[in-house]
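Me: Please take a close look at a single part of this model, the packing of one pair of helices. Then place that part in the rest of the chain.

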Amino acid sequence: MSVRQPRVAAHVATSRHLCAAYPLVSEAGLGQAGVLIGRDVLGGSFVYDPFALYQQGVVTNPNMVVLGQIGRGKSSFVKTYLWRQAVFGRRAWVIDPKGEYGPLAEAWGVAPVSLRPGGSVRLNPLDTGPGSGGGTESGVVGVAGQPVGDGAERRRVVLTASLAMACLGRDLTPRERAAIDCAVGEAAHRSAASGASPTLPQVVETLLDPGTDAAHALRTTREELLEDGRDVALELRRLVHGDLCGMFDGPTTPGLRLDAPLVVLDLSAVYHSPALGVLMVCAAAWLQSAVRSEDRHRIIVVVDEAWAILSNLGVARWLQTSWKLSRALGVANMAVLHRLSDLRSVGPSGSEQVNLAEGLLADSETRVVYAQSPSEVSRTSELLGLTETEAELVSQLRRGTALWKVGRRSFLVEHRLASSEHWLADTDQAMDGERS
Ligand SMILES: Nc1ncnc2c1ncn2[C@@H]1O[C@H](COP(=O)(O)OP(=O)(O)OP(=O)(O)O)[C@@H](O)[C@H]1O
Ligand SMILES: [Mg+2]
């Protein structure tokens, strides 16, 4: 006798309704606008574009943080992502501390800009974009009573202060800030006659030889103003005359192709320098000024090995400003870190450094988490608000697979390298060499 099985009628529902019924299993994906990243481990392909997601309201900023232990595939993901974005005409600017984006640049038909002390390329971090010269257009009055000009000049003051903090390794006193304000204003004023941007040597020179008018405006003497700015001048001098000279101490070398689809700043020559952070700020400042002059195209700016620069208060403040400006400039920033404790270890608990570094995370609504060591998991979960299941997963992820947190949504994504892309991603040559 045959037993009749009770039959359940098939039920058809849209993916939107299924999401409500099976929350973790049937995430509807991020749509099809963007580049293919790889395979959503729970099914389907995974496509991503920060600009499209911003327009759709899925994220409120286009920035991304990529985290992961050494050798998990962070840089490979970044390189192939940029390469795939190129198909859509997107452009990218990369700060490359290890000098590993050369093949990508070559494929794009451009040469990386290699910075080394005494090398042939100089970038002026006080540039405010082609044609901006040294103007002081808006007539805003600065701390010393002199016009500090438009946002461009304010940015120069902020950058110089950040550099000074980065070089001194401490916060600035009000007197030092005022001295910087005066020196940048005066250097800009002097160079405006020739239509050029001021340079760091000119700022250092002015700090060591302040004008009488600037001193009067601060109700002080020239001698006092000189003393106020002396420490700053002596530290900034390193970039001008010291061990770091020849990279950021003059007008930008003519002929650099800023209109290229990819601009790579190769800092590998100074990767092991304790001043890497300072140099990365100079490089990033120059990039940012160049991006501004680009008329707000959608540009992706990558700071690989960003952990190397966060511990510096000046650098962290400066970076935070760049992250906050992303929407206004049409820039999607990407920072690559090893672990979230990089953010906490930048200073004492509750310190401004830590707040700034963690703020960077808050200002990055896409977090791509590659494998973390078990000791990192609870901190990662706390800062990213991971569920228990997600927390368990992040210590077990294989190379190339990451947990993506996009706004409030989560995806487990296996980054797929096409066979034609392996040359782009391979950073194991040294290891392979040892084996052979
Ligand atoms: N999705 C992937 N599939 C296959 N191989 C991969 C994948 N991602 C990375 N690899 C390989 O793993 C190696 C290390 O990758 P990568 O340099 O991107 O790691 P990383 O996380 O940036 O390391 P580090 O922290 O040292 O910078 C590379 O040789 C790369 O070819
Ligand atoms: Mg890497």
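Reply: Helix 5 and helix 6 are oblique to each other in this predicted model, because their axes cross at roughly 130 degrees and an angle counts as oblique when it falls outside the ranges for roughly parallel (under 35 degrees), roughly perpendicular (65 to 115) and roughly antiparallel (over 145). Helix 5 covers residues 151-168 and helix 6 covers residues 174-192, and the two axes come within 9 Å. The crossing of helix 5 past helix 6 is right-handed.

On the helix 5 side, the contact is made by Glu153, Arg156, Val157, Thr160, Ala161 and Ala164. Helix 6 meets them with Glu176, Arg177, Ile180, Asp181, Val184 and Ala188. By class, the residues of this contact are 6 nonpolar, 1 polar and 5 charged.

A second pair, helix 7 (residues 200-208) and helix 9 (residues 222-240), can be set beside the first. Their axes are 8 Å apart and the packing angle is about 155 degrees, so helix 7 and helix 9 are roughly antiparallel to each other. Helix 7 passes helix 9 in a left-handed crossing. Helix 7 contributes Leu200, Pro201, Val203, Val204, Leu207 and Leu208 to the contact, and the residues they meet in helix 9 include Leu226, Gly229, Val232 and Arg237. This contact divides into 12 nonpolar, 1 polar and 1 charged residues.

As for the chain around these pairs, it has 19 helices and 11 strands. Of its 436 residues, 45% are buried. Taking contacts between residues at least 6 apart in sequence, 70% join residues at least 24 apart.

Ligand 1 has 16 residues around it, and the closest are Gly73, Ser75, Ser76, Gly400 and Thr427. Helix 3 (residues 74-86) supplies the largest share of this shell, 3 residues. The shell around ligand 1 holds 3 nonpolar, 8 polar and 5 charged residues.

One loop residue completes the picture. Ala33 sits in the loop between helix 1 (15-21) and strand 1 (35-40). With 14 other C-beta atoms within 10 Å, Ala33 is partly exposed. Leaving aside residues up to four places away in sequence, Ala33 touches Asp49 and Ala52. Leu53 is 20 residues from Ala33 in sequence, and the C-alpha to C-alpha distance between Ala33 and Leu53 is 8.3 Å.

Methods:
Residues numbered from 1 in each chain as written. Chains lettered and ligands numbered in written order. Predicted model: local features only at pLDDT ≥ 70, side-chain atom pairs only at ≥ 80, totals over all residues. Near = placed C-beta within 6 Å. Helix = DSSP H or I, 4+ residues; strand = E, 2+ residues; numbered from the N terminus. Nonpolar A, V, L, I, M, F, W, Y, C, P; charged D, E, K, R; others polar. Buried ≥ 20, exposed ≤ 12 C-beta atoms within 10 Å, placed from the backbone. Contact = placed C-beta atoms within 7 Å. Axes fitted to C-alpha atoms, helices over the stretch in contact; angles between N-to-C directions. Left-handed = near helix turned anticlockwise from the far one by under 90°.
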